[in-house]
Amino acid sequence: MRRLIRAAVAVAAAAATLAPVVARAAPPAGNPDGNAPVPVEARAVDTSNPDVVIGAGTAQSCTSAAVVAAVAQGGIITFDCGTAPVVIEMTQTAKVFNDTGPNIVIDGGGTVTLSGGGERRILYMNTCDPDQVWTTSHCQNQDHPQLTVQNLTFVEGNATGEDPDGGGAIFVRGGRFKVVNSRFFNNTCDDVGPDVGGAAIRVLSQHNGEPVYVVNSTFGGADGYGNVCSNGGGLSSIGVSWTVLNSLFSHNRAIGNGANPQQSGTPGGGSGGAIYNDGNTFTLTVAGTRIENNHANEGGGAIFFVSNDRSGSLIIRDSVLRYNPSDGFETRGYPGIFVLANTIEVVNSILDASQEVDDVCPEGRSCDTVALHDTAGRFHLWDSVAAPRSEETFYFGNPGDVSFFGDWNCDGVDTPGLYRQSDGYVYLRNSNSQGVADVKFFFGNPGDYPLAGDWDGDGCDTVSIYRPSQARIFVINRLGSSDGGLGQADFGFVFGNPGDTPFTGDFDGDGIDTVGLHRGSTGLVYFRNSLTTGVADAEFIYGDPGDRLAAGDWDGDGEDTVGVYRPSTGTLYIKNRNAQGTADAALVAGDGYTAVAGVGR
Ligand SMILES: [Ca+2]
Ligand SMILES: [Ca+2]
Ligand SMILES: [Ca+2]
Ligand SMILES: [Ca+2]
């Protein structure tokens with residue numbers, strides 16, 4: 001039976017409005033790279049012969065009251081709101097009655113958005129709620145109703161303070177539930193609590209433990225669209241199995257704190273940035289899915305999966321889980337995941353703590369890359385300033401040596417050098433590999449800092465020194481050899497303040513390297529473009545106290561600019577202009593590096 005449902009009077013606030021342009025630019029449904037096979041029972045339902053149509057061809061006819069009435073009636077529900085995308089502001093939660101259906105399908109046709117306005121949950125089904133009619137004596141395990149939402153967008157649902165709690169956009173207990181081609185943006189639930197979760201969806205008590213299918217759907221998907229709750233920014237459940245296919249979760253957050261059971265003196269929560277699954281025997285299958293840039297205050301920036309009796313299974317296939325930081329805890333070897341399970345199966349998938357960052361070197365340019373020096377005296381030379389990337393590692397020198405890079409043999413490739421401050425010895429190597437020094441000499445006084453650069457533009461780097469006690473730079477355009485002393489500097493000049501750390505680069509692209517200084521306590525960076533005494537040609541604040549600074553031509557435009565390695569977060573921040581402001585790229589490098597250098601190759 002096909003019936004039109006309309007509100008008798010379209011109240012302005014309750015009527016649909018044409019979606020603003022920004023809503024049309026919102027992330028699409030699903031993971032475009034997902035190719036997991038979708039079982040027939042997980043696919044969208046044919047809604048070409050609906051039982052109920054909401055609206056009469058215009059946005060104004062699509063009201064909250066019409067949606068509430070249609071859902072209460074059940075059956076196959078579609079919309080006729082005109083061709084343009086519409087947002088229906090719900091003034092009441094739409095609730096399923098358990099004696100309808102048993103199949104209930106809500107199909108938004110790809111143009112309908114249901115909004116909770118930040119005020120209320122959008123959709124509710126609960127076989128154990130007497131107000132929605134009890135249809136069996138065992139409400140927690142019954143095969144109906146079977147609810148499907150498809151081609152719909154849910155925004156700004158809010159279940160804060162609700163009982164039962166969680167499920168900002170959708171709460172389901174009992175029967176079966178399925179989500180296809182749908183999107184969830186900016187939904188919320190309680191911000192603290194040990195077990196409350198599912199800013200987008202919370203599900204309990206599915207029939208015979210059969211899975212909830214989530215297919216080709218998006219949760220968050222871009223900065224400013226994420227879903228946020230104490231636990232489970234996307235999905236949350238107890239004792240429920242899920243099969244998540246070809247979907248995208250990003251920018252969702254679990255913001256509670258104190259975990260579950262909560263540590264004393266805390267409100268609890270903060271686990272499962274994207275997905276929070278608790279219970280005994282259940283299975284979470286994630287396939288063809290991307291989970292990226294979600295965050296948990298406690299455990300599992302991407303997935304928190306706890307099978308209390310260790311009978312559950314976590315299966316991840318053909319998926320990418322990348323950069324889902326867990327501030328509290330995660331399972332070793334599974335970045336972004338905390339898991340207690342019988343079986344953990346990861347097949348053809350990427351689990352990575354680092355963020356994907358496009359190569360900062362534009363196509364066709366020749367750019368510097370990065371080398372990091374670790375506390376063990378090992379160099380890590382990146383093949384590109386990008387993530388993912390590969391790196392070469394090799395030992396050279398002793399732990400504690402001051403490292404730098406330069407082109408000692410004028411072949412266009414930078415290789416490492418070391419300065420042993422205790423005895424003023426310089427050790428240079430002409431290849432990026434383990435081995436002894438190719439060139440060795442002494443220069444300067446104990447306590448001096450080494451400076452590598454091409455001070456005369458002849459294409460060869462040499463080693464000069466900065467003497468902090470005098471704030472004086474001694475420049476020399478030749479290398480020593482054979483354990484000899486280097487003799488007199490070519491010239492010297494005063495620049496900088498004692499305590500500042502020197503760095504070198506060609507900041508104006510004239511082919512001559514000059515000297516800058518970095519004040520670690522404040523992040524002040526200043527440099528001159530000539531090797532003479534005088535005021536700085538540029539001065540700006542970059543980075544935090546404690547950052548390690550380097551200069552390099554990251555974008556291949558001929559000018560060296562700053563980058564910093566931040567030990568506290570293990571992150572490298574690259575900037576393509578010598579000025580204050582946000583980094584052009586932030587790359588997770590890892591912990592435990594003492595120095596960073598720009599490396600020409
Ligand atoms: Ca070289
Ligand atoms: Ca030179
Ligand atoms: Ca220069
Ligand atoms: Ca540059």
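## Exercises on cores, domains and a sheet

In this predicted model, the largest nonpolar core holds 93 residues, and I54, V67 and F154 are the ones that touch the most other members.

**Exercise 1.** Determine which helix gives the largest share of this core, and between which domains the core lies.

*Solution.* Begin with the helices: α2, which spans residues 64-73, supplies six residues, the largest share of the core. Turn next to the domains: both domain 1 (1-8 + 51-109) and domain 2 (141-353) give residues to the core, and therefore it lies between them.

**Exercise 2.** Find how many residues the other core, lying apart from the largest one, contains, and place domain 3 relative to domain 1.

*Solution.* The separate core has 59 residues, including V370, F396, L517 and F527. As for the domains, the assignment gives domain 3 the range 369-599, alongside domain 1 and domain 2. Taking C-alpha centres, one finds domain 1 and domain 3 to be 65 Å apart.

**Exercise 3.** Work out the strand order of the open sheet formed by four strands, and explain why one side of β43 and of β46 is left without a neighbour in the sheet.

*Solution.* First, the order is β43-β44-β45-β46, with antiparallel pairing. Second, β43 (501-505) and β46 (538-541) are at the edges and have a single partner strand each, so one side of each lacks a neighbour in the sheet. Third, the average turn between neighbouring strands of this sheet, with direction ignored, is 20°. Finally, at the β46 edge, β45 (residues 524-527) pairs with β46 in the antiparallel sense over four bridges, and L524 is found opposite I541 in β46.

Technical notes
Residues are numbered from 1 along each chain as its sequence is written. Chains are lettered from A and ligands numbered from 1 in the order in which they are written. This is a predicted model: local features need pLDDT of at least 70, side-chain atom pairs count only at pLDDT 80 or more; totals for chains, interfaces and linings use all residues. Two strands pair if DSSP finds at least two bridges between them. Helices (H or I, at least four residues) and strands (E, at least two) are DSSP runs, numbered from the N terminus. Axes are lines fitted to C-alpha atoms, for helices over the stretch in contact, and angles run from 0 to 180 degrees between N-to-C directions. A nonpolar core is a set of buried Ala, Val, Leu, Ile, Met, Phe, Trp, Tyr and Cys residues joined through C-beta atoms within 7 Å. A residue is buried if 20 or more other C-beta atoms lie within 10 Å of its own, exposed if 12 or fewer, and partly exposed in between; C-beta atoms are placed from the backbone. Domain bounds come from an automatic or database domain assignment.
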